[in-house]
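This report goes through one protein model, beginning with a loop and ending with two side chains. Keep the structure in view while reading.

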Amino acid sequence: MNIESYADLITAAQQQTEPQRLLFVFARAELPNGYTDTQKQHFEQGNGGALAPVLCVDKLPEEISDFSNLVLESKSTGVDWDIAFVSALGGRGGFPPNSDEASQPLKMMTEKIQGGMIADFLTFNKTGELVALY
């Protein structure tokens with residue numbers, strides 16, 4: 001299935017052979033260490049910058065079938081973010097992974113994002129639009 005929207009992600013997760021747990025790492029855009037004047041200017045115009053993970057959560061697809069609910073829940077944390085990175089963790093024997101099983105994969109996601117290795121993740125902006133990052 002080609003995922004072109006958040007709804008497609010939820011549908012794909014629900015169609016898997018084993019139940020899935022979705023992993024979310026929320027990141028905020030900020031200026032990188034040692035930024036140049038040009039980088040600062042681009043950043044102030046809404047371009048460029050570095051994405052720093054600020055919040056992680058794992059959810060079953062049925063818990064967050066609508067992206068606006070996820071955004072609403074994230075607002076209650078008081079942590080601002082710009083991009084949500086998403087991955088999935090498959091279950092076993094007809095049971096989805098629990099939150100404890102998701103903690104290590106979430107840590108690994110965070111480390112990959114900090115290292116700029118983001119190709120394995122779907123990325124959504126705050127309005128739930130799928131975005132491509134380069």
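Where is Gln16 found?

## A loop residue

The model described here is predicted. Gln16 lies in the loop that runs between α1 and β1. Its relative accessible area is 43%. Gln16 therefore counts as partly exposed, a class that lies between buried, under 20%, and exposed, over 50%.

Sequence distance and distance in space can be given for a pair of residues. Gln16 and Leu55 are separated by 39 residues in sequence, and their C-alpha atoms are 26 Å apart in space.

## The sheet

Four strands form an open sheet in the order β2-β1-β3-β4, and their pairing is antiparallel. At the edges are β2, residues 50-59, and β4, residues 122-125, each of which pairs on one side only. On average, neighbouring strands of this sheet are turned by 30 degrees against each other, with direction ignored. In general, the strands of a sheet pair through backbone hydrogen bonds, in a parallel or an antiparallel way.

How many bridges join strand β1 to strand β3? Eight bridges do so, between residues 20-30 of β1 and residues 83-90 of β3, and the two strands run antiparallel. One residue of this pairing can be followed by name: Phe24 has Val86 in β3 as its bridge partner.

## A helix on the sheet

Helix α1, made of residues 6-14, packs on the sheet and touches β1, β3 and β4. The direction of α1 makes about 150 degrees with that of β1.

## Ser74 in helix α3

Helix α3 covers residues 67-75, and Ser74 is part of this helix. Is Ser74 buried or exposed? Its relative accessibility is 4%, so Ser74 counts as buried, the cut-off being under 20%.

The side chain of Ser74 is joined to that of Trp81 by a polar contact of 2.8 Å. With neighbours within four places in sequence left aside, Ser74 is in contact with Leu55, Val79 and Trp81.

## Asn125 in strand β4

Asn125 is found in strand β4, one of the edge strands of the sheet. Asn125 is buried because its relative accessible area is 16%, and the cut-off is under 20%.

Which side chain makes a polar contact with the side chain of Asn125? The partner is the side chain of Thr127, at 2.7 Å. Leaving aside neighbours within four places in sequence, Asn125 is in contact with Phe67, Trp81, Asp82, Ile83 and Val131. Trp81 is thus in contact with Asn125 and also with Ser74.

Notes
Residues are numbered from 1 along each chain as its sequence is written. This is a predicted model: local features need pLDDT of at least 70, side-chain atom pairs count only at pLDDT 80 or more; totals for chains, interfaces and linings use all residues. Side-chain values use heavy atoms; hydrogens and water are left out. Buried means under 20% relative accessible area, exposed over 50%, partly exposed in between (1.4 Å probe, protein chains only). A polar contact is a pair of N or O atoms within 3.5 Å; within protein, one must be able to donate a hydrogen and the other to accept it, and residues adjacent in sequence count only if both atoms are side-chain atoms. Contact means heavy atoms within 4.5 Å. Two strands pair if DSSP finds at least two bridges between them. Axes are lines fitted to C-alpha atoms, for helices over the stretch in contact, and angles run from 0 to 180 degrees between N-to-C directions.
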